[in-house]
Amino acid sequence: MPLLEAQHLYKVFGRRPGDIVRRLEQGEDAGELRKRYDVTPAVIDASFEVNEGEIFVVMGLSGSGKSTLIRMLNGLHQPTSGHVKILGEDISTMSAAQLRQARRDHISMVFQHFALFPHRTVAENAAYGLQVKGVSEAERREKALEALKLVGLDGWGDHKPGELSGGMQQRVGLARALAADTDILLMDEAFSALDPLIRRDMQDQLIELQNQLGKTIVFITHDLNEAMRLGDRIAMMRDGRIVQVGTAEEILTDPANDYVAQFVADVDRTRVLTARSIMEPPVATLGMGHGPLAAHKLMREHQQPGLYVVGRDRGLQGYVMEEDIVAARGGGETIADLVKPIETTVPADAPAAELFTPAASVRLPLPVVDPDGKLVGVIPRVTLLAALGAVDPTDPADPVGTPDNSTVELDKTTGGAR
Amino acid sequence: MSTVVPRIHLGEWIADVVNWLTDHWSGFFDGVASIVNHLVDGIQHVLMNTPIVLLIVIFALLALWARGWKAAVLAAVGFCLIDAFGEFPSAMQTLAQIIVASVLAIVIAIPVGILAARNRRASAVIKPVLDFMQTLPAYVYLLPVLFLIGLGSAGAVLATIIFSIPPGVRLTELGIRQVDGEMVEAGQAFGATPKEVLRGIQIPLAMPSIMAGVNQVIMLALSMVVVAGIVGAPGLGQDVLSSLQSLDVGVGVEAGLSVVILAIFLDRVTDGFSKREVGLRSEIDKLRRRQARAAAATDAA
């Protein structure tokens, strides 16, 4: 069961919103309705699920409805139509008291402009959620100080928020949400008001905290790079609609429409694309038991200057070059005698930016391995360049190293871990 | 004189209503009058029976606490002047009336202001009523108040309340409305009840504005001193009036200056309380926080 679920959410501001929703459902154009009836369809038919422990980013420009959307998730805005389910429970059917209880137990929020209470100390701010829950003063102070420590504000508890810098204030906002100890954290443009260096710091810290605590986070942003850095999955929003939901790589490599494609055009692809999304299955691999003749034949068939050698479990053992086979021909040797040790591999989750140096240092396509050292794919240099330029790598003009579809008789289970 | 539009006898109707009220609700109004009179008399009794020197010291300390040493000196000099004019007893009578009128006005104004801030419809009704209360010449409602309450302090206090409530309501409403929407959302998002949001977030954050309202209520109450004199309330207002009747410029000036001194004193003190960073109390507050921080630092070390 997903932790948080949005089903066909609509939010229309203005007169007779129910009618407008009906018209939208019948396919009438939102812009037309906006003009004709002077209403604002802020969110139109938004559906998604947020799974436990993931960072779900909603990305859109200002006016795309993302702030309205996030406020429907904890009931600050009542949806005009549709349902929000927190741990499977529909919040639109809850009474005011039940909804308050759900907020106390399950879903807390971090605000764009921090929304710290200036008349309370930092520790009292961090303890706010617990105070509302009715936790005793001593206990909530202890937990608040713990949360402050977690965000790196040890020793600031007795200051007033006004004495802190913007970045520190937002840490307090984060601590307040963490101290409330809810399953879900809503973050509404939480880092947008911070300057770029601090924003970067906060993003890193959030990722670290998330790894540590395993919170489920819904993060709203208008900054695509932030979305790509943080998001396990990203929902792209435009004019109230969610136009695509997917991982950063899916959105980058397979944009749902021109809008998304244009949007992601400026993204630094080397930071988002990973080895996994670029790699290809190895055209062929060798086993230790193969004879030099068979190996030579394979290399010629696939026009490769050499091939990787793997064990039965596909663990990468080394590589063999064609010239060595030619030199040793007829010497009665097996592959095991000719194999050279691997010097360079890359992990599957390495960002593309880190692939250039290793790719330049190997003569064969760059081997990609999983944490157990198994060969999961290879990246020919041309493919790497093509992926970053978003050019189709199977272009016929492509001179080397792309796989043909001939069956590889030695190892049928060529590993494409896409 | 004949009118173009058919004559509306509003005046007669209101007079009828007032008559009806005096006939049927006299018990209620007598009760109100007696409560207010008791309050004023009680405070007057305390003020008149405390040695003047002690009172001056107390006033000066109050100013020091709320505002700082300059205000304290000003208060001491001011009240000494009042005494030198021979107006100290009158000033204390006036002060007693103002305290009662202001406290009652504030007790009414703040809840009404909160209601107006939270409910658009209530606000739409309350606003024109406030305009009425502020602009209707005091003499117009003085007469009905006299009929219902009678001569003396109580009538004066009630007329003063009517006149001085509006800024209290307005500034309370404004203050609460001006609280940043994100702050209120923060309260709601953590599951606070509307009452918790109001008491824990909206009212504390609206406090400077509410205190400015309190200050304005007191100032307006003071401006009613002479009107209070007309209704027969003892004090500085009556001194001013009698100087008018006997054409005694000297007494008029002395009583008038005493009103001004009282006004400045009350303004500075209440204004001081509306600000965080002035007066002895904020110094003590700062000192205390510094100590707490030092203690926390040694704890950590």
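Here are four short exercises, with worked solutions, on a predicted model.

**Exercise 1: Two helices side by side**

Work out how helices α4 and α13 of chain B run relative to each other, and which residues meet where they touch.

*Solution.*
Step 1: Find the two helices. In chain B, α4 covers residues 69–84 and α13 covers residues 249–274.
Step 2: Look at their axes, which come within 10 Å and cross at roughly 155 degrees.
Step 3: Compare that angle with the cut-off: angles over 145 degrees count as roughly antiparallel. Therefore α4(B) and α13(B) are roughly antiparallel to each other.
Step 4: Add the handedness, which is left-handed for this crossing.
Step 5: List the residues that meet. From α4(B) come L74(B), A75(B), G78(B), F79(B), L81(B) and I82(B), and from α13(B) come S258(B), I261(B), L262(B), I264(B) and F265(B).
Step 6: Sort these contact residues by type, and you get nine nonpolar, two polar and no charged.

**Exercise 2: A pair of rings**

Decide what kind of aromatic pair F59(B) and F79(B) make, and which parts of the chain they tie together.

*Solution.*
Step 1: Over all chains, the structure holds eleven aromatic pairs.
Step 2: For F59(B) and F79(B), the ring centres are 4.3 Å apart and the planes are at 25 degrees, so this pair is stacked.
Step 3: Place each ring. F59(B) lies in helix α3 (residues 52–66) of chain B and F79(B) in helix α4 of chain B, so the pair ties together parts 20 residues apart in sequence.
Step 4: Check the accessibility. F59(B) counts as buried at 8% relative accessibility, and F79(B) counts as buried at 0%.
Step 5: Follow the ring pairs further, and you find a cluster of F59(B), F79(B), F88(B) and F265(B).

**Exercise 3: The surroundings of A91(B)**

Find out whether A91(B) is buried or exposed, and which residues it touches beyond its sequence neighbours.

*Solution.*
Step 1: Locate A91(B) in helix α5 (residues 88–118) of chain B.
Step 2: Its relative accessibility is 0%, so A91(B) counts as buried.
Step 3: Leave aside neighbours within four places in sequence; A91(B) is then in contact with I82(B), L236(B) and L262(B).
Step 4: Look along the chain to P234(B), 143 residues from A91(B), and you will see their C-alpha atoms separated by 9.6 Å.

**Exercise 4: A residue in a loop**

Describe the place, accessibility and contacts of K340(A).

*Solution.*
Step 1: K340(A) sits in the loop between α17 (335–338) and β14 (346–347) of chain A.
Step 2: At 29% relative accessibility, K340(A) counts as partly exposed.
Step 3: Setting aside neighbours within four places in sequence, K340(A) is in contact with G318(A), Y319(A), M321(A) and D324(A).

Conventions. Residues numbered from 1 in each chain as written. Chains lettered and ligands numbered in written order. Predicted model: local features only at pLDDT ≥ 70, side-chain atom pairs only at ≥ 80, totals over all residues. Heavy atoms only, no water. Axes fitted to C-alpha atoms, helices over the stretch in contact; angles between N-to-C directions. Helix = DSSP H or I, 4+ residues; strand = E, 2+ residues; numbered from the N terminus. Parallel < 35°, antiparallel > 145°, perpendicular 65-115°, else oblique. Left-handed = near helix turned anticlockwise from the far one by under 90°. Contact = heavy atoms within 4.5 Å. Nonpolar A, V, L, I, M, F, W, Y, C, P; charged D, E, K, R; others polar. Phe/Tyr/Trp six-rings, centres within 6.5 Å; stacked < 30°, edge-to-face > 60°. Buried < 20%, exposed > 50% of the residue type's maximum accessible area, 1.4 Å probe, protein only.
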